[in-house]
Amino acid sequence: MKLRYLTASTALLSLACDGAVAQQAAADPVTGNVAITSDYMFRGLTQTWGRPAIQGGADYTNPDGFAAGFWGSSISERSYPGGAMELDLYAGYGQAINIDWSWRAGVYGYVYPGANLDQVGLPSRSLNTAEANAALSWKQFTLKYNRTLTDYFGVDSEQGYTGDSKGTSYLQLDASFPLAEAWSLALHAGHTHYTTALATPLANGARSPSYSDFGATLKFQFDPHWSVSGGITHATNANFYRRTASFLDANDTRNVGGSRGFVMLQGTF
């Protein structure tokens with residue numbers, strides 16, 4: 001549920017690959033991935049109403065520093081009325097500064113075919129969202145800033161907010177640590193800052209949808225192309241997200257944030 005006390009799409013699901021897979025990625029300009037996950041978490045919020053998702057995509061990497069790709073996942077119509085799929089399109093460019101430092105900048109588009117708020121009797125509003133981003137990495141640490149070029153997953157005054165949500169930002173810090181020959185650990189912290197708030201507070205007084213999220217994912221690479229991961233996430237601002245209403249039935253509510261766990265089987269080719 002992106003909007004209406006939810007938010008939008010992809011997160012701490014992939015970790016650093018082991019040496020064999022990393023070497024393959026460096027040698028092959030085009031790589032693909034498929035996954036099954038018990039819960040699709042994006043920035044600390046479930047996008048599948050707590051249910052499993054099927055995911056997959058492909059990436060092109062140029063030795064000169066350009067990269068582009070697409071990625072898709074099943075989603076819940078409770079959060080995206082009329083939609084069943086999220087399609088992400090992205091491109092970027094980056095370079096190494098020295099042996100420890102590197103940078104990257106790019107654009108990212110979240111597309112929801114068929115999803116529109118007019119599917120549930122609200123004013124017509126697409127949930128598609130575009131972001132620009134810039135990242136700086138030092139060794140295994142990456143600091144990344146994302147800023148929307150459009151409304152943030154449809155949030156604007158027509159949905160009861162004080163204004164539009166263009167310029168909403170997400171600041172994240174990620175790190176990955178090899179633990180053993182086939183094991184690795186990824187840690188994540190992020191903060192979503194909305195440029196708007198509800199015009200009328202919720203019953204508990206909450207108005208601002210801004211929140212922070214944290215996560216940790218343990219990955220086991222049991223084959224050069226296959227891995228299994230298990231992770232936990234936590235999102236703050238429970239007053240805003242604890243009782244998120246489905247777009248299909250206002251009486252159908254769920255805590256889309258809070259503390260959650262997931263397991264994922266992923267293949268990379």
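A residue is taken as buried here when its relative accessible area is under 20%, and as exposed when that figure is over 50%, with partly exposed covering what falls in between. By that yardstick, buried residues account for 46% of the 269 residues in this protein. The model is a predicted one. The accessible surface adds up to about 12,200 Å², and carbon and sulfur atoms own 60% of it.

As for the fold, the count is two helices and 16 strands. Contacts between residues at least 6 apart in sequence were also sorted by separation: 61% of them join residues at least 24 apart.

On the inside, the largest nonpolar core is made of 28 residues. Y112, F240 and Y241 are the ones with the most contacts within that core. Two elements, β7 and α2 (238–241), each give two or more residues to the core.

Strand β7 turns up again on the outside. A nonpolar surface patch of about 840 Å² is built from V30, Y60, F66, Y93, I97, W101, W103, L136 and W138. The elements that supply two or more residues to this patch are β7 (101–111) and β8 (129–138). Take W103 as an example from the patch: this tryptophan sits in strand β7. With a relative accessible area of 35%, W103 is partly exposed, and that value clears the cut-off of over 30% that patch residues have to meet.

Now for the charged side chains, where the structure holds six salt bridges. One of them pairs E131 with R43, at 2.9 Å from N to O. E131 belongs to strand β8 while R43 sits in the loop between β2 and β3, so this pair ties together parts of the chain that are 88 residues apart in sequence. Both partners, E131 and R43, are buried; for R43 the relative accessibility is 4%.

R43 also has a backbone worth a look. The loop that holds R43 runs between β2 (41–42) and β3 (45–46), and the phi of R43 is near 50°, a positive value in a residue that is not glycine. Most residues other than glycine have a negative phi. K139 is another non-glycine residue with a positive phi, of about 55°, and K139 is placed in the loop between β8 and β9 (141–148).

A second group of charges centres on R125. The side chains of R125 and D156 meet in a salt bridge of 2.1 Å, N to O. Since R125 is in the loop between β7 and β8 and D156 is in the loop between β9 and β10 (169–178), the pair ties together parts that are 31 residues apart in sequence. The two partners fall into separate accessibility classes: R125 is partly exposed, with a relative accessible area of 23%, whereas D156, at 4%, counts as buried. R125 forms a salt bridge with E158 as well, and here the closest N and O atoms are 3.8 Å apart, which fits within the 4 Å allowed for a salt bridge. E158 is in the loop between β9 and β10 and R125 in the loop between β7 and β8, so this bridge ties together parts that are 33 residues apart in sequence. E158 is partly exposed, with a relative accessible area of 44%. Add D151, and the picture becomes a network of salt bridges that links R125, D151, D156 and E158.

Not every acidic side chain described here is placed in a salt bridge by this account. E86, in strand β6 (residues 85–96), has a relative accessibility of 0% and so counts as buried. The side chain of E86 is joined to that of Y40 by a polar contact of 2.9 Å.

Finally, L185 gives a view of strand β11 (residues 183–193), where this leucine is found. L185 is partly exposed, at 25% relative accessible area. Leaving aside residues up to four places away in sequence, L185 touches A175, S176, F177, L179, T217 and L218. G230 is 45 residues from L185 in sequence, and the C-alpha atoms of the two are 9.9 Å apart in space.

How values were computed:
Residues are numbered from 1 along each chain as its sequence is written. This is a predicted model: local features need pLDDT of at least 70, side-chain atom pairs count only at pLDDT 80 or more; totals for chains, interfaces and linings use all residues. Side-chain values use heavy atoms; hydrogens and water are left out. Patches are made of residues with over 30% relative accessible area and no salt bridge: like charges are joined within 9 Å, nonpolar side chains (Val, Leu, Ile, Met, Phe, Trp, Tyr) within 5 Å. Accessible areas come from the Shrake-Rupley method with a 1.4 Å probe; for residues, only the protein chains shown count as cover. Helices (H or I, at least four residues) and strands (E, at least two) are DSSP runs, numbered from the N terminus. Buried means under 20% relative accessible area, exposed over 50%, partly exposed in between (1.4 Å probe, protein chains only). A polar contact is a pair of N or O atoms within 3.5 Å; within protein, one must be able to donate a hydrogen and the other to accept it, and residues adjacent in sequence count only if both atoms are side-chain atoms. A nonpolar core is a set of buried Ala, Val, Leu, Ile, Met, Phe, Trp, Tyr and Cys residues joined through side-chain atoms within 4.5 Å. Contact means heavy atoms within 4.5 Å.
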